[in-house]
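Visitor: I'd like a close look at one part of this model, please. Take me through it in one go, and bring in the surroundings afterwards.

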Amino acid sequence: MLKRIITTATFKQSQITIAGTLINGALGALFYIVLARFLGPSNFGLLTIALTTQVLIADIADIGTNTGLIRFVSSNLARSSDKAYRFLKLSLEIKLIAWAITFLAIFFLAPFLATQVFHKSELILPLRLIAFGVGGALLFTFTNSALQAYQKYFLWSIINIFTNALRLILILILGYYLVLDVESSLLVYMMLPFFGFFVTLFILPARKILASREEFSLSGELFKYNIPVAIFTVIAAFSARLDIYLNATLLSAREVGIYGAANQLASVVPQLVGALGMVAAPKFSSFQNNNQMIIYLKKFQLLVSGLVFLGILSIPLLVYLIPIIYGQGYQEAVIPFIFLFLAMLVFLFSLPVHISVIFYFARPDIFIWVSVGHLLIIGILGYLMISNFGVVGASITVLVGTIFNFLYPLIWLLIKLKK
């Protein structure tokens, strides 16, 4: 069994994406470590709120476009490349329209959000800056999803590594030679996705994509699939960051910074999930029967199980490194990190089940109910836990939520296969 797994194309592609993700994760971790050390817990807390809001708005504004792009472009490349180009162009136009709408909304709502929701008036300018940054996030994920649909995993890794490395270098220059504050940090963070987008256009068949016609005739097919994806994505995007917002509302900026540091260190696992999903999603979309899917699912589950085991073994080392890499001011991040890291390992373990439901069975609507349940857990349990136990309570709530996110689709999948 092991020999069959390591000789598959999926395993080889996974090696490329995992290696790229590990390097990206290291660069991303260094980026946030530098910011945390230069800014201090309070300013880093403000930055965490702003960046979390940007990611949340970008996820919502995407309205499931990335998932639909991967599914329809992957399935049409072999049969009709022209149709694949039309799907790509339609996806790009949807993202540009979504950016224009969200830019205006965030820019004018920034004062209200900063003063009435987060109770931190110093967030007005950072929130207005992220209105521009949402566009870079939408465009960069478009090219990332396109590379995934074309299964160009090596190029995907190179572009992400180069972009993250350049971002880290710019932050170091600002920190040591110029001025590094919340606003300048945000500007660096926002500009690099635009750079990555334009670089990737030279790799993709951009002229053929832009020259395609009648792309809006495919909007019915795309949105029929995207609507349930968009619904659960919006709910999931909000519930996945609700812990940050509850912390921002109930706790001080310093405590938000402590939690943000723990959360960023644990975020290497979701990056790994994204890399593995990048390889597996087109595979699940191409299977023609349950036997093909089940064989692949077992191999994929064995692979992620090994990664989860390695992750558990690394916890003592990571705990030891936290005060060293972040500084003694972040000593309180140790306990929240342990629970958050375990939660992310559960998320990693659930990946094969999630992808099989979404891409093989084409049932993203299942995750609407998963997202609703997760939102209730984070909202109700999170409020109680944070009110009583602070950032530790928030991290425990996240662990409970990811366990629920695994069990619900797993039960649905087992019942479906049994029938």
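Where does α16 bend, and by about how many degrees?

Guide: The bend in α16 is at F389, and it comes to about 150°. That angle is taken between two fitted axes, one for the seven residues ending at F389 and one for the seven starting there. Before going on, some ground rules: this is a predicted model, where local features need pLDDT of at least 70 and side-chain atom pairs count only at pLDDT 80 or more, while totals for chains, interfaces and linings use all residues. Numbering runs from 1 along each chain as its sequence is written, and side-chain values use heavy atoms, with hydrogens and water left out.

The end-to-end span of α16 (residues 366-418) is worth a look too: a straight helix of 53 residues would cover 78 Å at 1.5 Å a residue, but the end C-alpha atoms here are only 17 Å apart. The expected figure is 1.5 Å times one less than the number of residues. Set α7 (residues 182-201) beside that: its 20 residues should span 28 Å, and the end C-alpha atoms are 30 Å apart, which agrees. At the start of α7, a side-chain oxygen of D181 comes within 3.3 Å of the backbone nitrogen of E183. S184, also in α7, is buried because its relative accessible area is 14% (buried is under 20%, exposed over 50%, partly exposed in between, with a 1.4 Å probe and protein chains only). Skipping residues up to four places away in sequence, S184 touches L174 and V179, where contact means heavy atoms within 4.5 Å.

Over in α11 (residues 268-286) sits P270, which is partly exposed because its relative accessibility is 26%. Beyond its neighbours within four places, P270 is in contact with M344 and F347; the C-alpha atoms of P270 and F347 are 7.6 Å apart, though 77 residues separate them along the chain.

Zooming out, the protein has 16 helices and 0 strands, taken as DSSP runs (H or I, at least four residues, for helices; E, at least two, for strands) numbered from the N terminus. Its largest nonpolar core holds 127 residues, with L35 and F44 among those with the most contacts inside it. Such a core is a set of buried Ala, Val, Leu, Ile, Met, Phe, Trp, Tyr and Cys residues joined through side-chain atoms within 4.5 Å. Helix α2 (residues 9-62) gives the most to this core, with 18 residues. Beyond its neighbours within four places, L35 is in contact with several residues, including F44, I171 and S185.

Notes:
A polar contact is a pair of N or O atoms within 3.5 Å; within protein, one must be able to donate a hydrogen and the other to accept it, and residues adjacent in sequence count only if both atoms are side-chain atoms.
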